[in-house]
Amino acid sequence: MNSSMDCNELVELVTAYLDGSLDSETRARFDVHLVECDGCENYLQQFRATVDTVGKIDQESIDPAFRDRLLNAFRDFR
Ligand SMILES: [Zn+2]
């Protein structure tokens, strides 16, 4: 069964997505959510920009306040 992914789940999985470590089913759900949700598409773009700046994916280095700010931005946007 393919339940739809919500925004919080997508945010939790974004590092795994960029690492390529999601299983194919989860990745498909992630991609479906991205197509349907402009907020998460924007989040992924901003996250990638952050990773480019940092130089590597390091989940411990992602500021939780940054993540929360982006999540709040979606809620306002939607
Ligand atoms: Zn979303």
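Reader: Is His33 buried or exposed, and what is its relative accessible area?

Author: This is a predicted model, in which local features need pLDDT of at least 70 and side-chain atom pairs count only at pLDDT 80 or more, while totals for chains, interfaces and linings use all residues. Residues are numbered from 1 along each chain as its sequence is written, and side-chain values use heavy atoms, with hydrogens and water left out. Buried means under 20% relative accessible area, exposed means over 50%, and partly exposed lies in between, for a 1.4 Å probe and protein chains only. His33 is therefore buried, since its relative accessible area is 8%.

Reader: Which residues does His33 touch, not counting those up to four places away in sequence?

Author: His33 has its place in helix H2, where helices (H or I, at least four residues) and strands (E, at least two) are DSSP runs numbered from the N terminus. With contact taken as heavy atoms within 4.5 Å, and residues up to four places away left out, His33 touches Met5, Asp6, Cys7, Leu10 and Cys40.

Reader: How many helices and how many strands does the protein chain have?

Author: Read from the N terminus on, the elements of the protein chain run α-α-α-α. The secondary structure thus comes to four helices and zero strands.

Reader: Where does H1 bend, and by about how many degrees?

Author: Helix H1 covers residues 7–19, and its 13 residues reach 19 Å from first C-alpha to last, close to the 18 Å expected (1.5 Å times one less than the number of residues). The bend at a residue is the angle between axes fitted to the seven residues ending there and the seven starting there. In H1 this bend falls at Leu13 and is about 50 degrees.

Reader: Which residue caps the N-terminal end of H1?

Author: At the other side of the helix, just after H1, Gly20 takes a positive phi of about 75 degrees. At the N-terminal end, a side-chain oxygen lies 3.2 Å from the backbone nitrogen of Asn8, and the capping residue that supplies this oxygen is Asp6.

Reader: Which element gives the most to the largest nonpolar core?

Author: A nonpolar core is a set of buried Ala, Val, Leu, Ile, Met, Phe, Trp, Tyr and Cys residues joined through side-chain atoms within 4.5 Å. The largest has 19 residues, of which Leu10, Phe30, Leu34 and Tyr43 touch the most other members. Two or more residues each come from H1, helix H2 (24–36), helix H3 (38–54) and helix H4 (64–77). With six residues, the element that gives the most is H1.

Reader: Which residues does Thr26 touch, not counting those up to four places away in sequence?

Author: Thr26 is found in helix H2, and because its relative accessibility is 16%, it counts as buried. Beyond its sequence neighbours up to four places away, Thr26 touches Met5 and Leu13.

Reader: How many disulfides does a search of the whole structure find?

Author: Cys7 counts as partly exposed because its relative accessibility is 22%, whereas Cys40 counts as buried because its value is 0%. With a disulfide taken as a pair of cysteine sulfur atoms within 2.5 Å, the number found in the whole structure is zero.

Reader: How far apart in space are Thr15 and Arg48, C-alpha to C-alpha?

Author: Thr15 lies in helix H1 and is buried, with a relative accessible area of 11%. Thr15 and Arg48 are 33 residues apart in sequence, and their C-alpha to C-alpha distance is 9.5 Å.

Definitions and conventions:
A polar contact is a pair of N or O atoms within 3.5 Å; within protein, one must be able to donate a hydrogen and the other to accept it, and residues adjacent in sequence count only if both atoms are side-chain atoms.
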